[in-house]
Amino acid sequence: MQVFKEKEAARRWMFQQRCAVDAIGWVPTMGALHEGHLSLVRRSVRRCQATAASIFVNPTQFAPDEDLARYPRTLESDLEMLAGCGVDAVFVPDTEEMYSSGFSTYVQPPKVALRLEGKHRPDHFRGVTTVVAKLFHVLPCTHAFFGHKDYQQACVLEHMNRELDFGVDIEVCPTVRDADGLALSSRNRYLSGDQRSRALSLIRALRQAAEQYRTGERSTAALERGMRAVLQAGGINRIDYATVVDADNLTSHSTVPEQPIALIAAHLGGTRLIDNLRLDTDSLATA
Ligand code: AMP
């Protein structure tokens with residue numbers, strides 16, 4: 001497995017691969033890898049003849065009061081895991097390599113970024129669209145793999161890809177969960193034992209909404225009330241949102257839309273967790 005720290009070397013390798021194969025996949029990550037990340041990698045390795053991953057904790061998507069400084073960094077074991085999955089190359093730039101001094105060009109995210117996360121993390125998606133646009137240029141892939149776990153992020157990037165004509169085939173892969181239902185996240189390692197138990201309220205609330213939907217509930221307010229009650233009963237009091245929206249454009253309606261997705265963002269101590277569940281199609285909806 002090749003490891004590149006410099007943009008030019010990574011780009012050269014990607015161009016060579018693009019000439020040699022039909023499909024070259026890219027899996028972007030911020031490291032501290034877990035089975036969720038590896039599921040994207042495995043999908044790319046199955047689908048494409050060559051796969052590149054990247055590990056970069058992108059400062060422009062963190063607000064000053066967020067966890068950039070303490071974000072977990074486990075490069076050595078990350079590289080071992082990626083090699084074990086059959087990744088061909090990894091791009092691991094440092095911040096100076098990605099952002100020259102005086103950097104001031106940003107990609108304005110699409111409208112779908114303004115809702116939900118956009119309300120609570122105002123500059124977050126601008127950092128995401130900017131870094132992914134840069135990485136699409138540095139790592140000119142044919143396919144890119146993102147997780148359903150960060151559902152709004154995947155929507156934002158699909159819009160950007162379409163509207164700015166990157167021409168990348170974007171695949172959104174299912175959320176990988178621990179056996180008890182907790183969605184895997186690099187941030188789970190911040191949780192104490194007690195907080196981890198309380199974090200299970202997220203998937204409980206989502207599953208309850210799915211069950212209510214399955215048995216005919218179509219009032220968005222009723223589903224949202226139900227989710228908040230589960231979260232609060234589970235000891236989660238700081239809830240950024242617990243909502244049901246249209247899975248296409250993330251808009252909210254008093255009657256549940258035809259393609260409903262429930263999304264939650266909530267805090268456990270200093271850790272902010274997000275999770276979501278499609279109410280109509282997700283296999284977990286009936287679990
Ligand atoms: P991150 O390193 O958190 O930026 O995540 C990198 C990619 O992995 C993103 O596309 C995430 O949506 C995806 N991802 C993170 N957690 C999971 C999970 N539990 N299941 C599937 N994909 C995930």
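Start with the elements that frame the ligand: select strand 2 (24-29), helix 2 (35-47) and strand 5 (143-147), each of which supplies at least two residues of the shell around the ligand. Keep in mind as you click around that this is a predicted model. Now colour helix 2 on its own, since that's the one giving the most to the shell, with three residues.

Next, show the whole shell. There are 17 residues around the ligand, and the ones that come nearest are Met30, His37, Asp150, Val176 and Leu184. Colour the shell by class and you'll get eight nonpolar, seven polar and two charged residues.

Time to zoom in on single atoms. Which atoms of the ligand pair up with Met30, Asp150 and Val176? Pick Met30 and look at its backbone: a polar atom there sits 2.9 Å from an oxygen atom of the ligand. Hop over to Asp150, where a polar side-chain atom is 2.7 Å from a ligand oxygen. Then go to Val176, whose backbone N or O atom lies 2.9 Å from a nitrogen atom of the ligand. Switch on a surface here: on its own the ligand has 490 Å² of accessible area, and the protein covers 92% of that.

Last stop: leave the ligand and select Ile55, Phe56, Val57, Arg73 and Pro93. These lie nearest the centre of the second largest pocket, and they are among the 18 residues that line it. The volume of this pocket is about 310 Å³. What classes of residue make up its lining? Colour it and count: eleven are nonpolar, three polar and four charged.

Terms used:
Residues numbered from 1 in each chain as written. Predicted model: local features only at pLDDT ≥ 70, side-chain atom pairs only at ≥ 80, totals over all residues. Heavy atoms only, no water. Near = heavy atom within 4 Å. Polar contact = N/O pair within 3.5 Å; in protein donor to acceptor, adjacent residues only side chain to side chain. Areas by Shrake-Rupley, 256 points an atom, 1.4 Å probe, with all protein chains shown as cover. Helix = DSSP H or I, 4+ residues; strand = E, 2+ residues; numbered from the N terminus. Nonpolar A, V, L, I, M, F, W, Y, C, P; charged D, E, K, R; others polar. 1 Å grid on protein atoms, 1.4 Å probe; cavity = no way out; pocket = protein on both sides within 12 Å on 5 of 7 lines; lining within 4 Å. Points joined across faces, edges and corners; volume = space filled by probe spheres on them.
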